[in-house]
Every structure is written in structure tokens, then in C-alpha cells.
2 protein chains.
Amino acid sequence: MAAGLTHSTDLSPVDGIRLAGCSAGIYGAARDDLALFEICDGARVSAVFTRNRFCAAPVTVARKHLQHGPVKYLLVNAGNANAGTGAQGVNDATQVCEALAGLAGCAAEAVLPFSTGVIGEYLPVDKICRALPELLDRLADDAWPDCARAIMTTDTRLKGSTATGVGPEAFAVTGIAKGAGMIKPDMATMLAFIATDANVSQGALDRILKTAVDESFNRICVDGDTSTNDACVLVATGKNNAGRMVGEAGPAYDRLEALITELCTRLAQEIVRDGEGATKFVTVRVDNARSETECTAVADALATSPLVKTALYASDPNWGRILAAIGRSKGVDLDIDRISVHLNEVCIVENGARAKDYTEERGIAAMQDDEIEIRIDLNQGTASACYWTCDLSHDYVTINAEYRS
Amino acid sequence: MAAGLTHSTDLSPVDGIRLAGCSAGIYGAARDDLALFEICDGARVSAVFTRNRFCAAPVTVARKHLQHGPVKYLLVNAGNANAGTGAQGVNDATQVCEALAGLAGCAAEAVLPFSTGVIGEYLPVDKICRALPELLDRLADDAWPDCARAIMTTDTRLKGSTATGVGPEAFAVTGIAKGAGMIKPDMATMLAFIATDANVSQGALDRILKTAVDESFNRICVDGDTSTNDACVLVATGKNNAGRMVGEAGPAYDRLEALITELCTRLAQEIVRDGEGATKFVTVRVDNARSETECTAVADALATSPLVKTALYASDPNWGRILAAIGRSKGVDLDIDRISVHLNEVCIVENGARAKDYTEERGIAAMQDDEIEIRIDLNQGTASACYWTCDLSHDYVTINAEYRS
């Protein structure tokens, strides 16, 4: 199931990036499960990783390799997370990097490994290594959709987006992502790979990625569980405007940051729309808080509430559950008598209690939509933020009671 | 559905407490929905309430009345939570207290009101007031089961327990509780009413209640949602050993605290066993942490994980999800390489990775039980604590997509 997910496989190439997807046979089925990104010389790479303490072996290895210098390849497999695999997991991830480095003639540290899939099984190193020559052979600049498909697990649709900037530089940005379950903001909450042709200083690139992730992937929730393998990588190839470096401030920085944040937001929303079992796409908008942290704390309480999410599934305007969730939000000093809540255009709560002109009929009508906006006005400050989530359906239980690989 | 819930309606009277249940017609169906506790003169009362900021009107009123002096009556209705009802809700709760006070010849402040049921509807004051004379007429010392039944909402079984102390005092303690959904520890997480015939100082009573609740009701989770109406009340009638006051220390204090903690633990476990849609009763035991807070943080991450709970439902030893949940526990500085995890007697993880002698067959066998213990050894301290939860089933979604009153 997926809530209003439309996608385009029309993903523009980014000058300086070649890609390929293929099947290494990690899944029994005939599907691609291995993706490779080749990054041109002179590009800069920024990455954020899961903050789950049980981080997977590839996360450990990728973090280490990233400190060594230029990144040449991103190698991603689906079907196996290489998490909960201890020292052998780290050896396995390293071995795969070494195999690729040997074939491609680069240092093993120039390869960042990524894995997604079942936790607790050892990585099928041989299968992956056997597929590497074919993967290198296939490298092409238009294989973004192939890669997007190869990294899917319980995703029902591939997730990718392209954006082109306006203004003198007209930066190109293309990104892909995967994720449908075990989705809860904490740094980065899935796999996403984004590339731009902009020429960006390392400091600016790091700052742009942090801002973009904080306002997109860190504001989504499918089920409240944080993955062991999440990573989001941003590559700037520098092929566009090679002579003019985007620094940490100025109009070019602002335009690039806006572009990448917009693209990350689209990818993040695609993950929610394809949330396991999702039938509704829900935007939680919190207005007039004292800080953005307050906004996300309130939104997070709603987005992780099984009671709110089952009411959304049932199209039931059971707004008492919304109030109860707001009331348990963490670290927010609420003046409940000032709070108002809207379901789409219908005001359901004002001054902390049922709105005077609210009728059950209007609430039910608002809840029929597949796209719901819950707007919470805290009336105690000036900060606002949006957050995206989905409902909790029978299919979520079915998928997760049956899914192992 | 309920996970291994057996109960006895054999609840012993407590000298100094009379009770009654009746139908006020709040539910359309012919069932009791109103309960009254009458407390003898000279008794002491201690109570804890929800920390949800959207606390219900009766919680506000009960807190206020409790500061006024001796409590004579606890009046509890099911079928309506009187929450999200603003100033009118507080007026309604006060009006019901005044009506009972008028009939019984006591101060309105001697009545504590409690409500549970649908949020956001106004309290049916007239229906409740009309039922009060019958309720007063019916007061008897053996009506604990009637009251337990009258306060049920989505509960499928009544919840009550009786304990009798050993030692010179042989205190009697009886308690009842309700709760099946919107269950997540935060002070008190449901309604519970407990009475003992012990003669206890107010300081000792308050301390005993806090300890007992912290180790029982604050260690359970059905769905992670915190109710607006939770309350737990402990009454000490002083009819036993009237001459000897239990103070804040000494063997009598220790015995009474142990007795009440044990009884609260039994009631708390009954709530989990009757968790909405529950098919399994799960004990999460965390050993060798640096503090009890660390234990409960780790247990809480597991108990609120939809992925762990759906795997439990499927009897699937998907232990990767257990590791991922441990890894996102809040405020715990984990050394993941020291962690071991057991499912019942089967060691699934040692030193932070899959245990050497673990086989899928052994994991599957352990998961077949309806009673599962997940034991997590952090190996970084000496503190231990238990926590209780249930699985997440199709029935949870069905119940909460359909439940409104």
C-alpha cells in the first residue's frame, strides 16, 4: 500500500556521477540488489549516519573511510543489513571495499559501503564480490533509476527526485532514497544518495546537508523505530561553475541550500507515502511555538502515537487522542488553554477544548481525505515547522509480522 | 483477546471501605458504568495522577479537593473521560461532587471524581446525578468486583487483587484497576483504587504509593500512549492495629510497602495481559545496568517498538529488531560490545552480536510461548529492573480503528 505516491523515473544525470545497478543474488528472487556510484575526481562528499548505538558494520566502516580522503565509490547492497554481526561484519564490509578497490585501482578507503535489509545475518561477501566486475562495466550517467530500484527493501515504489536551480549557477541536483519501515527521525533515517554538480566548499557542503536533513528526513516517522543502517550522502561534483566555489554564505549558498532541502523534503515525503501499510499521508504542522524544537517535539508525539495513527486509518476524527498525544510531548512547557487544532480546514479544538462550532459531521468529512493536515497552534511563540507521517493499518502489522528479508 | 489473563473475583473486603457499582446509562448497553467508594472517618488517602498536560477535568478537580482535607468518597464513571472539555468539564465534575455531597451530607471537597472513556464529550451530569441515590443505597463491603466491572472500558476482564500480609500486623490490601489501551508509564497510567486496613502516617502512605507505582504501573506499556485521566489512589483505613501507626521506616513499613508493591505489580501485569489485542505477555528484564533509570530506558525502547511488538505477535525471533530498539534507547550510554540478550532460556546475542551457538530453530521454539522473557544484560553495572509489555496484533488496529466510546 502507499498513500498517494506518484513518482517519476525521470531522474536527470549529474555531471561527474556514473552509476550502475545489478543483481548479486542476495535476494532469492530475480531483482537487482547491488548499486554502485562512481564519483569524479575533485568532488566533495558529506554524509550523516544513524545515531542508533547498534550501528551496522558498514556505517562503522564508511565513517572510518570518510576520514581518509577523497571518496571514489559508494557501494550499496539491499537484502542484508550487516548489522548485529560484530567483528566479522566489519571485516566483511572492509573485504568488499578492498575487492572493489582492487578492480578499480583505488585505495580501499576510497570506497564507502552501505547495506540495508535483514539484521543479524552475515554479509554474502562472495556473491557481492562476484558481481563487482559487471557492476563496474555497466557504469553510466543515466542509471539513477536502476540504483533507486536496487536499494529497495519493503519499498513498493522507487524513490527519486531531480531539481534544477534557478539563478546564474542553475545547479543540477538528483537524489534517490529507500525506506518504508523502521523510520523515525534521528540524524538520518534511511538510505539517501544525493548529488549536485555544484562546486561547494567542504564546510558549506556539510552545513547544507545538516540543514537539509534536519528539515526533511529528520521530520518524518512511519513507526518510531530507528534503523541501524541509516545514511544520507551528499556529493558535490564541482562540474558546474567549476571556477566559482560556493562558500558558507551568500546568495549561491542560499539557493543551493534551498534546492537541496527541497529535494530532501520530497524524498522524505516519498518515504512516508510508501510507509509500510500507509493509506494516508499526514502533515503535522505546529505553529506559534517558542522554538522549532518545541514544534518537532509536539509533532513527534502525534506521529508516534498508535492511537492517533489507528484513528487516522479509520478516518475517525477522534481528536481526543490528538490532545492526549500533544499532552505527553517531551520537554515542551504547554499552556493547554491556548492551543487550537485544525483537521484540514475544520477547527476541532480552540482554547484547549472542543471548538464551539465543531460538529462530528465536519470532522468525519475532513478525515475522509487521503491527505490530512493536522495543524496545531500553540499560541505561545513564533516558530513553525512541518512534520510528515502516515497512518497505522492492518497492513503494517501484516507486513511486519511476515517480513524477515 | 488477552494474554494468559486469569483472574479471581475473590476480592476480600477491607475494613473501613464500603463500595457499590450501578448503571447510570452512560453506555447505551445495559452495563454498570458508575462506581462509588465510601471511606471511613480517620482514614488517610494518597493519590498520583497522570502527567499528561492535557489532564482531564476530574483530575484537576480531584487534585484540588485532595488538598482540602479528609476524603469521604471516590466517585468513578466509565464511558466518558470528561477530558478536552475545558471550563465546562471542570464545572461538570464539580457539580457531580456537589450532588453526591448534598445526598451524603458531607463537603463537596470530600468527594474525589474520576472518569474514563471517550475524550472530548461533555459529562452526562444528569444521568450520573440520577444514579447517585441508588449507588448510596447499595454500599456494601463486598462490592469490590462490582466496582471493578463498572470502571471497565475496552478491558475484556475485570482486574483486581487481594493480598494479606504476614507478620504481626497481617495487613489486608485489596485493589482494582482498569486499563487496556492508552497505556504507557508516566506517573500512573490507568485507574487503580487500592485500600488497606493499615494505620499509616500520611508521609509513609505517600512514600509507599510512589514506590509501588514506580515499580509497577510505571513499568508497563501497551501502546506508548499516555492517558489524560490516569489516577492511582491508595486508601489506608487504619482499622487494623489502630493503636500502632506505621511510620516512615521500620519493619512494619517495609512489610506494608512490599505488600502494596506486590499488589500493584499484579494489577499492572493484569492491565498488560488485557492489553488491546494482546496475544503474548512479555517481561523485559534488564540486568547489570548502571542505574534503574537505565534499565527502564532500555526496556521502554523495546516495549514501544512496533517492530519488536509485531515480531512478537508473529512468534518470529527477529532479534535484529531487539538490537535496533536497544540502540535507540534514550539517555543510556551503551557499550554495545558487552550486551547479551536471552529469549527465555535461549541466548541470542552475546558481546553485541549473534550468539555463537544460536540457531533459528532454538529462537523459533522460544518464541512460541505465550509468556516471553527478553533478558538484556548490559554488563556495565549492578542495577536490574523488570518491565512488562505485550505484542502488537491485528486486533490492536481493529479495536482502535473502531473504538470510540
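In this predicted model, the cover over the buried residues of helix α3 of chain B includes the strands β1 (17–22), β2 (34–39) and β4 (73–78) together with helix α2 of chain B. The residues of α3(B) that are buried beneath this cover are B:Val125, B:Ile128, B:Ala131, B:Leu132, B:Leu135 and B:Leu136. An α-helix has 3.6 residues a turn, so residues three or four places apart point the same way. The helix itself runs over residues 125–137 of chain B, and its 13 residues reach 19 Å from the first C-alpha to the last, which is close to the 18 Å expected at 1.5 Å a residue. Within α3(B) there is nevertheless a kink of about 35° at B:Ala131, shortly before the proline B:Pro133, and B:Ala131 is itself one of the buried residues of this helix.

Helix α2 of chain B also takes part in a pocket. The second largest pocket, with a volume of about 250 Å³, is lined by 17 residues, and those that lie nearest its centre are A:Ile336, A:Asp337, B:Cys55, B:Gly86 and B:Val90. In chain B, α1 (57–66) and α2 (86–104) each supply at least two residues of this lining, and α2(B), with three residues, gives the largest share. In character, the lining of the second largest pocket divides into nine nonpolar residues, seven polar ones and one charged.

Elsewhere in chain B, a glutamate deserves attention. B:Glu294 lies in helix α7, which spans residues 292–303 of chain B, and counts as buried because its relative accessible area is 8%, under the 20% limit. Leaving aside residues up to four places away in sequence, B:Glu294 touches B:Ala289, B:Val332, B:Asp333, B:Leu378 and B:Gln380.

Chain A offers two points of backbone geometry. Most residues other than glycine have a negative phi, and most peptide bonds are trans. Against that background, A:Asn82 has a positive phi of about 45° although it is not a glycine, and A:Asn344 likewise has a positive phi of about 45° without being a glycine. A:Asn82 is found in the loop that joins β4 (73–78) to α2 (86–104) of chain A, while A:Asn344 is in the loop between β12 (340–343) and β13 (346–350) of chain A. Are these asparagines buried or exposed? A:Asn82 is buried, with a relative accessible area of 0%, and A:Asn344 is buried as well, with a relative accessible area of 15%.

Technical notes
Residues numbered from 1 in each chain as written. Chains lettered and ligands numbered in written order. Predicted model: local features only at pLDDT ≥ 70, side-chain atom pairs only at ≥ 80, totals over all residues. Heavy atoms only, no water. Helix = DSSP H or I, 4+ residues; strand = E, 2+ residues; numbered from the N terminus. Buried < 20%, exposed > 50% of the residue type's maximum accessible area, 1.4 Å probe, protein only. 1 Å grid on protein atoms, 1.4 Å probe; cavity = no way out; pocket = protein on both sides within 12 Å on 5 of 7 lines; lining within 4 Å. Points joined across faces, edges and corners; volume = space filled by probe spheres on them. Nonpolar A, V, L, I, M, F, W, Y, C, P; charged D, E, K, R; others polar. Expected span 1.5 Å × (residues − 1). Bend = angle between axes of the 7 residues up to and from the residue. Contact = heavy atoms within 4.5 Å.
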